[in-house]
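Please look through the sequence and the structure shown here before reading on. The paragraphs below take the parts in turn.

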Amino acid sequence: MPSSSVAVPSSEAPTSPSPEPTSAPAPEPSPEPLPTPDVTPTPEPQPAPPPPPVTVPGTPCDITEGACVQLSTNQSWLISGGKISYGPVPTTSGMPGYETPVGYFSVLWKVRDDWSIPYNGPMPYSTYFVGNGIAFHEGSLTQESHGCIHLSREAAAKYFHTLKVGDQVQVAP
(Lines give C-alpha, C1' and ligand atoms only; values in the text may rest on other atoms or scores of the structure.)
Protein backbone atom coordinates (compact mmCIF):
# COMPACT_ATOMS: atom_id res chain seq x y z
CA MET A 1 0.00 0.00 0.00
CA PRO A 2 1.25 3.19 -1.03
CA SER A 3 1.61 5.77 1.69
CA SER A 4 -0.51 8.65 1.31
CA SER A 5 0.05 11.92 2.74
CA VAL A 6 -2.66 14.01 3.99
CA ALA A 7 -2.42 17.66 3.50
CA VAL A 8 -3.14 19.66 6.61
CA PRO A 9 -4.42 23.09 6.04
CA SER A 10 -1.98 25.64 7.27
CA SER A 11 -4.40 26.99 9.81
CA GLU A 12 -4.55 23.59 11.33
CA ALA A 13 -0.92 22.86 10.94
CA PRO A 14 0.55 21.26 13.89
CA THR A 15 2.30 23.71 16.03
CA SER A 16 5.12 23.08 18.29
CA PRO A 17 3.99 22.71 21.75
CA SER A 18 4.15 26.03 23.51
CA PRO A 19 6.02 26.11 26.70
CA GLU A 20 3.87 26.02 29.74
CA PRO A 21 3.32 29.43 31.19
CA THR A 22 5.88 30.22 33.77
CA SER A 23 4.45 31.00 37.10
CA ALA A 24 5.83 33.45 39.60
CA PRO A 25 8.16 31.89 42.04
CA ALA A 26 6.27 30.46 45.00
CA PRO A 27 6.46 32.72 48.02
CA GLU A 28 8.64 31.47 50.74
CA PRO A 29 6.65 30.09 53.60
CA SER A 30 6.21 32.60 56.36
CA PRO A 31 8.29 31.84 59.38
CA GLU A 32 6.57 30.05 62.24
CA PRO A 33 5.38 32.57 64.84
CA LEU A 34 7.48 32.59 67.95
CA PRO A 35 5.74 30.96 70.86
CA THR A 36 4.20 33.47 73.20
CA PRO A 37 5.27 32.97 76.77
CA ASP A 38 2.51 32.20 79.26
CA VAL A 39 2.62 35.60 80.87
CA THR A 40 -0.31 37.34 82.47
CA PRO A 41 -0.41 41.02 81.62
CA THR A 42 0.82 43.24 84.41
CA PRO A 43 -2.17 44.72 86.24
CA GLU A 44 -2.48 48.44 86.64
CA PRO A 45 -0.88 49.62 89.88
CA GLN A 46 -3.40 50.10 92.67
CA PRO A 47 -3.06 52.29 95.73
CA ALA A 48 -2.02 50.49 98.87
CA PRO A 49 -4.89 49.58 101.19
CA PRO A 50 -5.25 51.79 104.22
CA PRO A 51 -3.40 50.54 107.27
CA PRO A 52 -5.51 48.76 109.86
CA PRO A 53 -6.88 51.07 112.51
CA VAL A 54 -4.63 51.49 115.51
CA THR A 55 -6.39 50.70 118.72
CA VAL A 56 -5.97 52.86 121.77
CA PRO A 57 -3.64 50.88 124.06
CA GLY A 58 -5.61 49.12 126.78
CA THR A 59 -8.92 49.29 124.84
CA PRO A 60 -10.52 47.57 121.83
CA CYS A 61 -11.34 50.96 120.25
CA ASP A 62 -9.70 52.98 117.49
CA ILE A 63 -11.35 56.35 118.14
CA THR A 64 -9.02 59.02 119.51
CA GLU A 65 -11.60 61.18 121.33
CA GLY A 66 -14.78 60.14 123.13
CA ALA A 67 -16.01 57.01 124.87
CA CYS A 68 -15.16 53.35 124.28
CA VAL A 69 -17.28 50.41 125.46
CA GLN A 70 -16.39 46.71 125.35
CA LEU A 71 -19.53 44.62 125.80
CA SER A 72 -17.74 41.28 126.29
CA THR A 73 -15.78 42.52 129.31
CA ASN A 74 -18.38 44.97 130.70
CA GLN A 75 -15.89 47.84 130.65
CA SER A 76 -15.79 51.39 129.36
CA TRP A 77 -13.21 54.17 129.03
CA LEU A 78 -13.05 57.86 128.20
CA ILE A 79 -10.40 58.59 125.59
CA SER A 80 -8.64 61.88 124.92
CA GLY A 81 -5.79 62.48 122.48
CA GLY A 82 -5.66 58.77 121.62
CA LYS A 83 -5.05 57.77 125.26
CA ILE A 84 -7.21 56.60 128.13
CA SER A 85 -8.20 59.60 130.24
CA TYR A 86 -10.60 57.72 132.56
CA GLY A 87 -11.31 54.05 133.20
CA PRO A 88 -11.75 51.25 132.75
CA VAL A 89 -15.00 51.43 134.65
CA PRO A 90 -17.47 48.56 135.09
CA THR A 91 -20.65 48.55 132.99
CA THR A 92 -23.71 46.51 132.25
CA SER A 93 -25.44 46.58 128.89
CA GLY A 94 -28.49 45.27 127.08
CA MET A 95 -30.14 42.00 128.06
CA PRO A 96 -31.15 39.40 125.44
CA GLY A 97 -33.76 40.93 123.16
CA TYR A 98 -32.52 44.43 124.04
CA GLU A 99 -28.88 44.16 122.98
CA THR A 100 -26.75 47.30 122.94
CA PRO A 101 -25.81 47.97 119.32
CA VAL A 102 -22.17 47.61 118.25
CA GLY A 103 -20.55 50.29 116.09
CA TYR A 104 -19.62 53.94 115.88
CA PHE A 105 -21.97 56.60 117.22
CA SER A 106 -21.95 60.24 118.32
CA VAL A 107 -23.25 61.86 121.49
CA LEU A 108 -26.67 63.20 120.45
CA TRP A 109 -27.99 64.93 123.59
CA LYS A 110 -27.67 64.90 127.38
CA VAL A 111 -30.23 65.09 130.19
CA ARG A 112 -29.06 65.46 133.81
CA ASP A 113 -32.14 63.89 135.48
CA ASP A 114 -34.03 61.88 132.86
CA TRP A 115 -36.82 59.37 133.41
CA SER A 116 -37.49 56.31 131.27
CA ILE A 117 -41.17 56.34 130.39
CA PRO A 118 -41.22 52.87 128.75
CA TYR A 119 -39.37 51.24 131.67
CA ASN A 120 -40.61 53.61 134.41
CA GLY A 121 -37.29 54.31 136.02
CA PRO A 122 -34.75 57.07 136.71
CA MET A 123 -31.86 57.67 134.32
CA PRO A 124 -29.51 60.12 136.08
CA TYR A 125 -26.68 61.64 134.02
CA SER A 126 -28.04 60.40 130.68
CA THR A 127 -25.67 60.87 127.73
CA TYR A 128 -27.54 59.62 124.64
CA PHE A 129 -25.64 58.18 121.69
CA VAL A 130 -28.31 56.20 119.76
CA GLY A 131 -31.44 57.95 118.53
CA ASN A 132 -33.89 55.36 119.87
CA GLY A 133 -33.01 56.20 123.47
CA ILE A 134 -29.78 54.35 124.26
CA ALA A 135 -27.50 56.24 126.63
CA PHE A 136 -24.79 56.03 129.22
CA HIS A 137 -26.45 56.63 132.58
CA GLU A 138 -26.30 55.70 136.23
CA GLY A 139 -27.79 52.26 136.72
CA SER A 140 -27.38 48.81 138.19
CA LEU A 141 -24.01 47.15 137.66
CA THR A 142 -25.54 43.72 138.33
CA GLN A 143 -28.76 43.89 136.30
CA GLU A 144 -28.68 44.15 132.49
CA SER A 145 -30.42 47.08 130.81
CA HIS A 146 -32.84 47.54 127.92
CA GLY A 147 -29.90 48.57 125.71
CA CYS A 148 -28.31 51.39 127.69
CA ILE A 149 -24.84 51.33 129.23
CA HIS A 150 -25.20 51.38 133.01
CA LEU A 151 -22.42 53.09 134.94
CA SER A 152 -21.78 53.78 138.63
CA ARG A 153 -22.99 57.17 139.85
CA GLU A 154 -19.43 58.54 139.81
CA ALA A 155 -18.69 57.24 136.29
CA ALA A 156 -22.07 58.39 134.92
CA ALA A 157 -21.41 61.92 136.26
CA LYS A 158 -17.88 61.90 134.77
CA TYR A 159 -19.17 60.79 131.34
CA PHE A 160 -22.00 63.35 131.50
CA HIS A 161 -19.65 66.24 132.33
CA THR A 162 -16.80 65.16 130.00
CA LEU A 163 -18.59 64.13 126.80
CA LYS A 164 -19.99 66.88 124.57
CA VAL A 165 -22.66 66.62 121.90
CA GLY A 166 -20.94 65.33 118.76
CA ASP A 167 -18.20 63.40 120.59
CA GLN A 168 -17.55 59.86 119.36
CA VAL A 169 -18.76 56.69 121.03
CA GLN A 170 -17.46 53.31 119.90
CA VAL A 171 -19.15 50.14 121.14
CA ALA A 172 -17.06 47.01 120.55
CA PRO A 173 -18.37 43.45 120.92
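What follows goes from the overall layout to strand pairing, charged side chains, aromatic rings and one loop residue.

The model is predicted. It contains one helix and nine strands. Read from the N terminus, the elements run β-β-β-β-β-β-β-β-α-β. The protein has 173 residues, of which 32% are buried. About 11,900 Å² of the protein is exposed, and carbon and sulfur atoms supply 59% of this area. Among contacts with a separation of 6 or more, 50% are between residues 24 or more positions apart.

A useful place to start is strand S7. This strand covers residues 134–138. Four of its five residues are buried, so S7 is largely enclosed by the rest of the structure. On one side of the pairing scheme is strand S6, residues 121–130, which runs antiparallel to S7 and is joined to it by three bridges. Within this pairing, Thr 127 stands opposite Phe 136. S6 and S7 make a hairpin with three residues between them. Gly 133, in the turn of that hairpin, has a positive phi of about 105°. S7 also pairs with strand S8, residues 149–151, again through three bridges, but here the strands run parallel. His 137 has His 150 in S8 as its bridge partner.

Next come the charged side chains. Side chains of opposite charge can pair when their charged atoms come close. How many salt bridges does a search of the whole structure find? The search finds two. In one, the side chains of Arg 153 and Glu 138 meet, with 2.6 Å from N to O. This pair links distant parts of the chain, since Arg 153 is in helix H1 (residues 153–162) and Glu 138 is in S7, 15 residues apart. Arg 153 is partly exposed at 46% relative accessibility, and Glu 138 is also partly exposed, at 22%.

The other salt bridge is formed by Arg 112 and Asp 113, whose closest N and O atoms are 2.7 Å apart. Arg 112 is partly exposed, with a relative accessible area of 32%, while Asp 113 is exposed, with 60%. Arg 112 has a further partner: it lies over the face of Tyr 125, at 3.8 Å from the ring centre. A lysine is placed in a similar way, with Lys 110 over the face of Phe 160 at 4.9 Å from the ring centre.

The aromatic rings also pair with each other. A pair of aromatic rings is described by the distance of the centres and the angle of the planes. Over the whole structure, a search finds seven aromatic pairs. One of them is Tyr 86 with Tyr 159, an edge-to-face pair with 6.3 Å centre to centre and 70° between the planes. Because Tyr 86 lies in strand S3 (residues 83–90) and Tyr 159 in helix H1, this pair ties together parts that are 73 residues apart in sequence. Are these two tyrosines buried or exposed? Both Tyr 86 and Tyr 159 are buried.

Trp 109 and Tyr 128 form another ring pair. Their centres are 4.5 Å apart and their planes are at 20°, so the pair is stacked. Here too distant parts of the chain are linked: Trp 109 is in strand S5 (residues 109–116) and Tyr 128 in strand S6, 19 residues apart. The two residues are not covered to an equal degree, as Trp 109 is partly exposed with a relative accessible area of 35%, whereas Tyr 128 counts as buried at 5%.

Ring pairs also build a cluster, which links Tyr 86, Phe 105, Phe 129, Phe 136 and Tyr 159. Phe 136 is the residue of S7 that stands opposite Thr 127, and Tyr 86 and Tyr 159 are the edge-to-face pair described above.

The last stop is a proline. Where is Pro 101 placed? Pro 101 is in the loop between S3 and strand S4 (103–106). This proline is partly exposed, with a relative accessible area of 25%. Leaving out residues up to four places away in sequence, Pro 101 touches Val 130, Ile 134 and Val 171. Pro 101 and Cys 148 are 47 residues apart in sequence, and their C-alpha atoms are 9.4 Å apart in space.

Conventions
Residues numbered from 1 in each chain as written. Predicted model: local features only at pLDDT ≥ 70, side-chain atom pairs only at ≥ 80, totals over all residues. Heavy atoms only, no water. Salt bridge = Lys/Arg side-chain N within 4 Å of Asp/Glu carboxyl O. Buried < 20%, exposed > 50% of the residue type's maximum accessible area, 1.4 Å probe, protein only. Helix = DSSP H or I, 4+ residues; strand = E, 2+ residues; numbered from the N terminus. Pairing = 2+ DSSP bridges. Contact = heavy atoms within 4.5 Å. Areas by Shrake-Rupley, 256 points an atom, 1.4 Å probe, with all protein chains shown as cover. Phe/Tyr/Trp six-rings, centres within 6.5 Å; stacked < 30°, edge-to-face > 60°. Lys NZ or Arg CZ within 6 Å of the ring centre and 35° of its normal.
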